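The exercises below are to be worked with the sequence and the model side by side. Each task is followed by its solution in steps.

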Amino acid sequence: MKMHGSRGVVQITSEIRLIIKDNPFIIPHLCCFMRLLFYLSGEHPLLAEAEVRALFETYEQPWKTLFFDHQVAIYEVDFFPELSRLSMTHQVLNLDFSLEKKTFRVRVKRILSDVNSLQLEKKIADDLQKEYGGLPVDLETPEQKVYCIVQKGKEFVGRTVMDFPYMYEERKPQYRPYFHPSSLHPRIARALVNLGRCKKEVLDPFCGTGGILIEAGLMGLTVKGLDISEEMVTGTKQNLEHFGITDYQIFQGDAGNIESYFSEVDAVVTDLPYGRASRIVSSGNDLYFEAFQSIREITKRACIVCPHPYNFESQDFTVKERFVLRVHKSLNRYIYVLS
Ligand SMILES: C[S@@+](CC[C@H](N)C(=O)[O-])C[C@H]1O[C@@H](n2cnc3c(N)ncnc32)[C@H](O)[C@@H]1O
């Protein structure tokens, strides 16, 4: 099968379906490993890629990054992580695929590319037809989907392992029984839980309306929360139950004193109070300083969203990763992944 791209012709064998024009690396294909391509959200590709790596690390299985540029990241893995946990990936493709004698469809997605999608779809479909000796095409409800991503002139062809429906919109703060505008978008909330490498439980000591805990609970994790406001505590419980989450412990309390409510936890994931909310402090001291001391006492892992940069090293944390999340023109949030 031959694919024509902007820089010449690349020969594709049935063993190697990854097509990268001017391939910067040669990927040895190990028998028990497969190459998975993650088509990442364009909203924040760095965060999306970090979410995938964090998911691999959560499983403590061998994996290796083979390629990452903009919205395409390719990893070599020998296991399937729980892909449904991801929130910032559009699609996962297996680049080492074969097709069965079933209906199929080919779709092309262009990213920073001006290739003719229809022509390319037809070309790939024709080549696959030849290779497999005729396969029925079903454009509406195919039994197997082949997807080609063309990004900056490089073509990647794989079989869809998972595509993600846009269910996050339905869980936006305004659709919950208890609403407050300070809650994060559920897609970001879920990414934070993944960045925290949470295996069995999550604690949010500034839980507000429970945005982070809802996502953690829907991922099957035990959820624990604290908020200084009684109204927020009631609201969080109401919201969790609305989504069928019953395995929770939520208390009204001060995040400067988490140890009084919870002993060791798997990970802390939280979005700090800012502006008016940050003044709700029960002691007169620096809320952030006290909360971070308290977090340090009960966990080794944390993912914290700050309204401004913060020197976590001074409080005995190691900053594994840091991301800047643009909320709007003049408002940023800083995401810290700590260990
Ligand atoms: C940015 S909001 C959290 C939003 C939350 N992620 C959500 O989904 O709604 C910060 C929360 O911190 C709470 N808060 C402020 N001071 C606190 C303290 N000392 N201890 C615990 N919670 C506190 C506020 O009541 C507020 O609900």
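**Exercise 1.** Does Leu 203 count as buried or exposed, and at what relative accessibility?

Solution. The model is a predicted one, and the values below are computed from it.
Step 1. Locate the residue: Leu 203 belongs to strand β10, which covers residues 201-204.
Step 2. Apply the cut-off: buried means under 20% relative accessible area. Leu 203 has 0% relative accessibility, so it counts as buried.
Step 3. List the surroundings. With neighbours within four places in sequence left aside, the contacts of Leu 203 include Lys 224, Gly 225, Ile 258, Phe 262 and Val 265. Ala 267, Val 268, Val 269 and Ile 298 are also in contact with Leu 203.
Step 4. Take one of these partners, Ile 298. It lies 95 residues from Leu 203 in sequence, while the C-alpha atoms of the two are 10.0 Å apart in space.

**Exercise 2.** Describe helix α1: its span, its burial and the residue that follows it.

Solution.
Step 1. Helix α1 runs over residues 45-59, 15 residues in total. From first C-alpha to last it reaches 22 Å, close to the 21 Å expected at 1.5 Å a residue.
Step 2. Of the 15 residues of α1, 12 are buried, so the helix is largely enclosed by the rest of the structure. Among the buried ones are charged side chains, to be looked up by name: Glu 49, Glu 51 and Arg 53. Leu 47, Val 52, Leu 55 and Phe 56 are also in the buried set.
Step 3. Just after α1 comes Glu 60, with a positive phi of about 50 degrees. Glu 60 sits in the loop between α1 and β4 (63-69). At 60% relative accessibility, Glu 60 counts as exposed.

**Exercise 3.** In what order do the strands of the seven-stranded open sheet lie, and what pairing does the sheet have?

Solution.
Step 1. The order is β4-β5-β3-β6-β9-β8-β7, and the pairing is mixed.
Step 2. β4 and β7 (104-111) are the edge strands, each pairing on one side only.
Step 3. On average, neighbouring strands of this sheet are turned by 35 degrees against each other, direction ignored.
Step 4. Follow the pairs through the sheet. β3 (residues 34-40) and β6 (residues 89-94) are antiparallel over five bridges, and Leu 37 has Leu 93 as its bridge partner in β6. β6 is in turn antiparallel to β9, over four bridges; here the bridge partner of Leu 93 in β9 is Thr 160. β8 and β9 run antiparallel and are joined by six bridges, with Phe 156 in β9 as the bridge partner of Ile 149.
Step 5. Inspect the turn. β8 and β9 form a hairpin with two residues between them, and Lys 152 in that turn has a positive phi of about 45 degrees.

**Exercise 4.** Which strands does each of the helices α1 and α2 meet?

Solution.
Step 1. α1 packs on the sheet and touches β3, β4, β5 (72-77) and β6. Its direction makes about 170 degrees with that of β4.
Step 2. α2 (residues 117-132) lies across β7, β8 (144-151) and β9 (154-163). It runs at about 140 degrees to β7.

**Exercise 5.** How many residues of α3 are buried, and where is Arg 197 found?

Solution.
Step 1. In α3, 10 of 10 residues are buried, and the helix is mostly covered. Among them are Arg 187, Ile 188, Arg 190 and Asn 194.
Step 2. Arg 197 comes just after α3, in the loop between α3 (186-195) and β10.
Step 3. Arg 197 is not a glycine, although its phi is positive at about 50 degrees. With 6% relative accessibility, Arg 197 counts as buried.

**Exercise 6.** What volume does the second largest pocket have, and which residues lie nearest its centre?

Solution.
Step 1. The second largest pocket holds about 310 Å³ of space.
Step 2. Its lining has 13 residues, and those nearest the centre are Leu 184, His 185, Ile 188, Leu 325 and Val 327.
Step 3. Two elements give two or more residues to this lining, β15 (319-328) and β16 (331-338). β15 gives the most, with three residues.

Conventions: Residues numbered from 1 in each chain as written. Predicted model: local features only at pLDDT ≥ 70, side-chain atom pairs only at ≥ 80, totals over all residues. Heavy atoms only, no water. Buried < 20%, exposed > 50% of the residue type's maximum accessible area, 1.4 Å probe, protein only. Contact = heavy atoms within 4.5 Å. Expected span 1.5 Å × (residues − 1). Pairing = 2+ DSSP bridges. Axes fitted to C-alpha atoms, helices over the stretch in contact; angles between N-to-C directions. 1 Å grid on protein atoms, 1.4 Å probe; cavity = no way out; pocket = protein on both sides within 12 Å on 5 of 7 lines; lining within 4 Å. Points joined across faces, edges and corners; volume = space filled by probe spheres on them.
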